Structures are given as structure tokens and as C-alpha cells.
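Please open the structure in a viewer and keep the sequence at hand. The tour below proceeds by selections, each followed by a description of what is found there.

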Amino acid sequence: SILVWPILGYKFIYYKYLEVTQMLISPIETSRWSVTVAEAHHPYLVEWISNLGWITLFAFIVGITLFVYEMLSKAEFKKRILLSGSVLVSFLLILFSRYSESATFLNGDTSIAKVALLLGCALLALPFIFSLFAHKHKELSWVQDLDNYALFFFAWCIVTIIASRSAIRLLIMAIPLFAIFLSYVSFYLIDLALKNKESVIKYGVPILIFLVVINPVAIFGYKS
């Protein structure tokens, strides 16, 4: 866009900005031809929580942060913290920018909610920005060693979450994603616990995770 600015003028940049912003806020058009009335409903985070639960949502946020941290295993410690931290903040901003319909600021329609969404999307671009300058700076050579499948999966996570908050019918796209990260966090914590020498942590953490994730009460029912 910057390169064509002298040719097409500032209006081209402005209209491109509006187009990208609209795509992020409402990726799916809400006309009668694109989605039905029921499908056009933009789900709020509280609806995600009521269907998936806090544990699943928390596992996703923690899991994708750990995933990025492990994906950057060849990077410096500070860069791993910076990038994984930016991913954590960005997904929090994207998800909580549309918290509930009754929220004063984070209802998805206010200026603050829209800024939070755009800021979250901008932070997610950091890993890709680093990759653009990797060939010019030796200290960024670790970017070239990143696993392509991991990068693709990370990009898929971004697209899935942004799309899922746009229409209720696309929420089903995120179900496999939440299941993957719930398992990932569970096994990550179990692996850390088994490496611990303390018996309480070594055996207590796996049992606790089993009780929280599997939830035998919910499976077999509770009778008073």
C-alpha cells in the first residue's frame, strides 16, 4: 500500500484500512444472501463459556501461549517471552473485546471494543513481521528454523478464532481447536509433574487434571 501511495493517493490507503477493519470486525456479511437470521448472530464470549466452560477456554488461552513458546525453542529467552506474551495478550483482547451484550465497553460494538480487537490482531502479526526481517539480521536466524507445520497451525488458530466470533454457525470450527489445546495443556502439565521429585506433585497433579478435565461427576451423574 505504501509503495502505491504516490500513484493512487491517500484515499487508496484509507479505503484499504476501512476494508481490512471491516473484514476483521465482521468477516462474514450479514445480508440475507450470506447467512440466515439465526446464523448471523455474533456470539459473545459468555455464550462460548456457557457452551464450552471456563476450563476449556482457559486451557485454550494457556495452551496456545505454551505452543508458541515451545515453537520458538531456538530463539533467545527474551524473544520467546516477548512473542508468546504478545500472543497471550492478543487472544485475550480478541476474545474479551466481545464479552457480553450487557457489557458497557466490551460488547463488540463500542469504539473501545473495536480498538481492542484491532490491537489484538496487530499483536498477532509480530511473529510474521519477525520472519520478514530474518534474512537481513543474523540474530533473527532462528525464524528460518521454525517448523512450517507449526506456523500453519498457528495461522489456522488465528483464522478460526476470528471467524468463530463473527457468526454462531462458525463456532463449531473452534471445537477441534479447543479440544486440541485442552489435551495439550493437560499432557504438558502431567509431563512437568512426572519430572518432579516431590511425590505430592508427581502424582497429585495428574490426578487433579483427571478429575478436572474428565469430571467423573458430569459423566456418571450426581445423586444426592
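The protein contains eleven helices and zero strands. This is a predicted model, and its pattern along the sequence reads α-α-α-α-α-α-α-α-α-α-α. Colour the chain by burial next: of the 224 residues in the protein, 36% are buried. If contacts between residues at least 6 apart in sequence are displayed, 63% of them join residues at least 24 apart.

**First stop: helices H4 and H8**

Select residues 54-71, which form helix H4, together with residues 148-164, which form helix H8. The axes of these two helices lie 11 Å apart, and the helices pack at an angle of about 155°. Why are H4 and H8 described as roughly antiparallel? Angles over 145 degrees fall in that class, and H4 and H8 are therefore roughly antiparallel to each other. Their crossing is left-handed.

Now show the side chains where the two helices meet. On the H4 side, select Phe-60, Ile-64, Phe-67, Val-68 and Met-71. On the H8 side, select Ala-150, Leu-151, Phe-153, Phe-154, Cys-157 and Ile-161. By class, this contact of H4 with H8 consists of eleven nonpolar residues, with no polar and no charged ones.

**Second stop: helices H8 and H9**

Keep H8 selected and add helix H9, residues 175-194. The axes of H8 and H9 come within 10 Å, and they cross at roughly 130°. The pair is therefore oblique, and the crossing of H8 and H9 is left-handed.

Which residues of H8 meet H9? They are Phe-153, Trp-156, Cys-157, Thr-160 and Ile-161, and their partners in H9 are Leu-177, Phe-178, Ile-180 and Phe-181. The residues of this contact divide into eight nonpolar, one polar and no charged.

Phe-153, Cys-157 and Ile-161 deserve a second look: they take part in the contact of H8 with H4, and they also appear in the contact of H8 with H9.

**Third stop: two cysteines**

Select Cys-157 alone. Is this residue buried or exposed? Cys-157 is buried, as its relative accessible area is 0%. Move next to Cys-121, which also counts as buried because its relative accessibility is 13%. A search for disulfides in the structure returns zero.

**Fourth stop: from H4 to H9**

Return to helix H4 and select Thr-56. With a relative accessibility of 14%, Thr-56 counts as buried. Leaving aside residues up to four places away in sequence, Thr-56 touches Phe-178 and Leu-182. One of these, Phe-178, was met above in the contact of H9 with H8.

Add Ala-179, which belongs to helix H9. Thr-56 and Ala-179 are 123 residues apart along the chain, whereas their C-alpha atoms are separated by 7.7 Å. Ala-179 has a relative accessible area of 41% and is therefore partly exposed.

**Fifth stop: Leu-92 in H5**

Select helix H5, residues 77-96, and within it Leu-92. This leucine counts as partly exposed, at 32% relative accessibility. Which residues does Leu-92 touch, not counting those up to four places away in sequence? They are Ile-61 and Ser-97. A distance drawn from C-alpha to C-alpha between Leu-92 and Ile-61 gives 7.6 Å, and the two residues are 31 apart in sequence.

**Sixth stop: further along H9, and H10**

Go back to helix H9 and select Ser-186. Ser-186 is buried, at 10% relative accessible area. Beyond residues up to four places away in sequence, Ser-186 touches Ile-209 and Val-213.

Finally, select helix H10, residues 199-213, and focus on Val-205. A relative accessible area of 25% makes Val-205 partly exposed. With residues up to four places away in sequence left out, Val-205 touches Leu-189, Ala-193 and Val-200. For a last distance, pair Val-205 with Leu-192: they are 13 residues apart along the chain, and their C-alpha atoms are separated by 9.3 Å.

Terms used: Residues numbered from 1 in each chain as written. Predicted model: local features only at pLDDT ≥ 70, side-chain atom pairs only at ≥ 80, totals over all residues. Heavy atoms only, no water. Axes fitted to C-alpha atoms, helices over the stretch in contact; angles between N-to-C directions. Helix = DSSP H or I, 4+ residues; strand = E, 2+ residues; numbered from the N terminus. Parallel < 35°, antiparallel > 145°, perpendicular 65-115°, else oblique. Left-handed = near helix turned anticlockwise from the far one by under 90°. Contact = heavy atoms within 4.5 Å. Nonpolar A, V, L, I, M, F, W, Y, C, P; charged D, E, K, R; others polar. Buried < 20%, exposed > 50% of the residue type's maximum accessible area, 1.4 Å probe, protein only. Disulfide = S-S within 2.5 Å.
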